[in-house]
Amino acid sequence: GDGSRGGRLPRRSLAQSAAELIARSAVGSPSYRDAPNATELSAGSYWEANLLGNPRPDDIKLVLPFFGALFGSADGARLRRLADSHGWPVVWALGDGGNGTAPPPHGALSGTAYPGNRRLLDPTTRTAQRRLNASLPPGSAASFERAWAAAAGDRRAGPVSRAQVQRWWAGLEGVRLAPVAAAACADTDGCVGVVVDTGACVCERVLVEAASV
């Protein structure tokens, strides 16, 4: 059948679909750094746990905003403040590199791929600076502030393009995080991510200190 944006969905066998699903999971053979690229189709083909009930603030581990839609915006600033008020780390996700409103790159349904493993810990929040054990690179907070100012200016000037989103992201320095998989950290519930470059677990300082006693 035809895709929602006019592209014909590619034919895939059940085995191909299963292999693609497993390749991007915690049990897949590539590391998160080397995870295969995603397409619009594959990005929507995964298992997801949905909540049945009302989560409490303490049940939330981190906030994962879509970079192109919120970075440098008034809503993004409100999200940062809300996250800090509850002690939630903010981890920006580049996703498909778009602005959150425009269609994905031409041909995404037919196979055009993009990296689906770009996440950066926001070093400007009090939570990242005071509550986590992450080693924030010198200058990372300043790079975020510069990119935020550039993004805010671009948003005031008019609709944001994919090229602008990519330029903001390219100017960022910081800690790139992978999701916490089973057995990746001593406390999978208390840690919020794994540093892609080193494999170190990023957790609340109190958890790390308690584990070392």
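## A sheet, a helix and some charged pairs

In strand S5, Cys-201 is the bridge partner of Val-194. That pairing is a good place to start a tour of this structure, which is a predicted model.

**The sheet around S4**

Val-194 belongs to strand S4, which covers residues 191-195. S4 and S5 run antiparallel and are joined by three bridges. Together S4 and S5 make a hairpin with five residues between them, and in the turn Gly-199 has a positive phi of about 80 degrees.

S4 also has a partner in S3: these strands pair in the antiparallel sense over two bridges. Here Ala-178 stands opposite Val-194, while Leu-177 faces Val-195. Put together, the strands form an open sheet of three, in the order S3-S4-S5, with antiparallel pairing. S3 and S5 (201-203) are the edge strands, each pairing on one side only. As general background, strands of a sheet pair through backbone hydrogen bonds, either parallel or antiparallel.

Is S4 buried or exposed? Five of its five residues are buried, so S4 is largely enclosed by the rest of the structure.

**The chain as a whole**

Stepping back, the chain has eight helices and five strands. Along the sequence they follow the pattern α-α-α-α-β-β-α-α-α-β-β-β-α. The chain has 213 residues, and buried residues make up 34% of them. Of the contacts between residues at least 6 apart in sequence, 69% join residues at least 24 apart.

**Helix H7 and its buried face**

Helix H7 has buried residues at Gln-164, Val-165, Trp-168 and Trp-169. Viewed down the axis of H7, the buried residues fall within an arc of 135 degrees, so they line one face of the helix. Ala-163 and Ala-170, on the other side of H7, are exposed. What do the buried residues of H7 pack against? Their partners are helix H3 (67-70), strand S1 (91-93), strand S2 (119-121) and helix H6 (140-157).

**Arg-176, a buried arginine**

Between helix H7 (162-170) and strand S3 (177-178) runs a loop, and Arg-176 lies in this loop. Arg-176 is buried yet has no salt bridge; Asp-197, the nearest side chain of opposite charge, is 5.7 Å away. A salt bridge needs the side-chain nitrogen to be within 4 Å of a carboxyl oxygen. A polar atom of the Arg-176 side chain does lie 2.9 Å from the backbone oxygen of Asn-117. Not counting residues up to four places away in sequence, Arg-176 touches several others, among them Arg-33, Leu-120, Val-194 and Val-195.

**Salt bridges**

How many salt bridges does a search of the whole structure find? The search finds six, and the table includes three of them.

| Pair | Closest N to O |
|---|---|
| Arg-56 and Asp-59 | 3.2 Å |
| Asp-75 and Arg-78 | 2.2 Å |
| Arg-131 and Glu-204 | 3.1 Å |

In the pair of Arg-56 and Asp-59, Arg-56 counts as exposed at 56% relative accessibility, whereas Asp-59 is partly exposed at 44%.

Asp-75 and Arg-78 both lie in helix H4 (residues 74-86), three residues apart, about one turn of the helix. Asp-75 is partly exposed, with a relative accessible area of 44%, and Arg-78 is partly exposed too, at 45%.

The side chains of Arg-131 and Glu-204 also meet in a salt bridge. This pair links distant parts of the chain: Arg-131 sits in helix H5 and Glu-204 in the loop between S5 and helix H8 (205-212), 73 residues apart. Arg-131 counts as partly exposed at 35% relative accessibility, and Glu-204 is partly exposed at 26%.

**Around helix H5**

Arg-126 lies in helix H5 as well. Arg-126 is partly exposed, with a relative accessible area of 42%. Leaving aside neighbours within four places in sequence, Arg-126 is in contact with Asp-84, Ser-85 and Arg-131.

In the loop between helix H5 (126-131) and H6 is Asn-133, which is partly exposed with a relative accessible area of 26%. The side chain of Asn-133 reaches the backbone oxygen of Cys-201 at 3.2 Å. Asn-133 and Cys-203 are 70 residues apart in sequence, with their C-alpha atoms 5.9 Å apart in space. This brings the tour back to Cys-201, the bridge partner of Val-194.

Technical notes: Residues numbered from 1 in each chain as written. Heavy atoms only, no water. Helix = DSSP H or I, 4+ residues; strand = E, 2+ residues; numbered from the N terminus. Buried < 20%, exposed > 50% of the residue type's maximum accessible area, 1.4 Å probe, protein only. Lys, Arg positive; Asp, Glu negative; His and termini not counted. Polar contact = N/O pair within 3.5 Å; in protein donor to acceptor, adjacent residues only side chain to side chain. Contact = heavy atoms within 4.5 Å. Pairing = 2+ DSSP bridges. Arc of directions from axis to C-beta.
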